[in-house]
Amino acid sequence: MRRLSVALILLIGIGAVGLWWWAGEQRDEPSRPVPGEAAPYVVEVLNGTDVDGLARAMTRRLRARGIDVVYFGTAPFDTLATTQIVVRRGDSTAAVQVLDALGIGALLVDEDLRLLLDASVYLGRDAAGLLGLDP
């Protein structure tokens with residue numbers, strides 16, 4: 001009788017865990033854009049200011065809008081006042097998408113096919129002000 005009770009408790013426990021897992025799988029979660037899925041654009045984001053964390057914060061903003069940021073870091077200079085979005089391949093569509101997502105910046109063309117990027121984003125002080133990170 002005791003073995004039957006233990007077996008019944010185990011069976012109920014396993015059933016409860018299975019039901020909990022199945023319910024979690026069936027739950028509808030709000031969809032977010034997956035970087036690189038909607039638009040096949042590849043960009044890098046480089047901080048051209050002395051504001052710490054600016055490239056990381058702007059990368060999150062772009063990824064939330066479905067833009068595939070493959071690298072973020074520090075630019076070789078830290079004196080930009082205005083964000084520059086540089087076209088790296090002949091088509092400027094990616095740069096225009098980035099400009100729309102940021103709402104700031106100037107478009108430039110400096111093709112460099114060796115970088116394997118559609119656009120490079122050099123963040124300026126205007127980006128820091130946009131995110132409220134301007135000291």
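**Burial, packing and one ring pair in a predicted model**

Buried residues make up 32% of the 135 residues in the protein. The model is a predicted one.

Me: What makes up the secondary structure of the protein, and in which order do the elements run from the N terminus?
Reply: There are four helices and five strands. From the N terminus the order is α-β-α-β-β-α-β-β-α.

Me: Why is V87 called buried?
Reply: Its relative accessibility is 3%, and buried means under 20%. V87 therefore counts as buried. The residue sits in strand β3.

Me: What does V87 touch, leaving out residues up to four places away in sequence?
Reply: V87 touches S92, A95, L108, V109, D110, E111 and D118. In addition, the C-alpha atoms of V87 and S120 are separated by 6.8 Å, with these positions 33 residues apart along the chain counted as their distance apart.

Me: D118 is in the loop between β4 and β5. How do you know whether D118 is buried or exposed?
Reply: The relative accessible area of D118 is 10%. The limit for buried is under 20%, so D118 is buried.

Me: Which residues does D118 touch, not counting those up to four places away in sequence?
Reply: The residues touched by D118 are P40, Y41, V42, V86, V87, R88, R89 and A94.

Me: Which residues of helix α3 (residues 93-102) are buried?
Reply: A94, A95, V98, A101 and L102 are buried in α3.

Me: How do you know that they are on the same side of α3?
Reply: The buried residues cover an arc of only 120° around the axis, which puts them on the same side of the helix.

Me: What do the buried residues of α3 pack against?
Reply: They pack against the strands β1 (42-47), β3 (84-87), β4 (106-109) and β5 (119-123), and against the helices α2 (54-64) and α4 (125-131). Just after α3, G103 takes a positive phi of about 80°.

Me: How many aromatic pairs does the protein have?
Reply: The count is one aromatic pair.

Me: Why is the pair of F77 and Y122 called tilted?
Reply: The ring centres of F77 and Y122 are 5.5 Å apart, and rings pair if their centres lie within 6.5 Å. The planes stand at 40°; under 30 degrees would count as stacked and over 60 as edge-to-face. The angle fits neither, so the pair is tilted.

Me: Which parts of the chain does the pair tie together?
Reply: F77 lies in the loop between β2 (68-74) and β3, and Y122 lies in strand β5, so the pair ties together parts that are 45 residues apart in sequence.

Me: Why is F77 called partly exposed, and why is Y122 called buried?
Reply: F77 has a relative accessible area of 30%. Buried means under 20% and exposed over 50%, so F77 falls in between and is partly exposed. Y122 has 13%, which is under the 20% limit, so Y122 is buried.

Me: What makes the nonpolar surface patch of about 690 Å²?
Reply: V17, L19, W20, W21 and W22 make the patch. One of them, L19, is found in helix α1 (residues 2-26).

Me: Why is L19 called exposed?
Reply: The relative accessible area of L19 is 55%. Exposed means over 50%, so L19 is exposed.

Me: What supplies 57% of the area that the protein exposes?
Reply: Carbon and sulfur atoms supply 57% of the about 8900 Å² that the protein exposes.

Terms used. Residues numbered from 1 in each chain as written. Predicted model: local features only at pLDDT ≥ 70, side-chain atom pairs only at ≥ 80, totals over all residues. Heavy atoms only, no water. Patch = residues over 30% accessible without salt bridge, like charges linked within 9 Å, V, L, I, M, F, W, Y side chains within 5 Å. Areas by Shrake-Rupley, 256 points an atom, 1.4 Å probe, with all protein chains shown as cover. Salt bridge = Lys/Arg side-chain N within 4 Å of Asp/Glu carboxyl O. Helix = DSSP H or I, 4+ residues; strand = E, 2+ residues; numbered from the N terminus. Buried < 20%, exposed > 50% of the residue type's maximum accessible area, 1.4 Å probe, protein only. Arc of directions from axis to C-beta. Contact = heavy atoms within 4.5 Å. Phe/Tyr/Trp six-rings, centres within 6.5 Å; stacked < 30°, edge-to-face > 60°.
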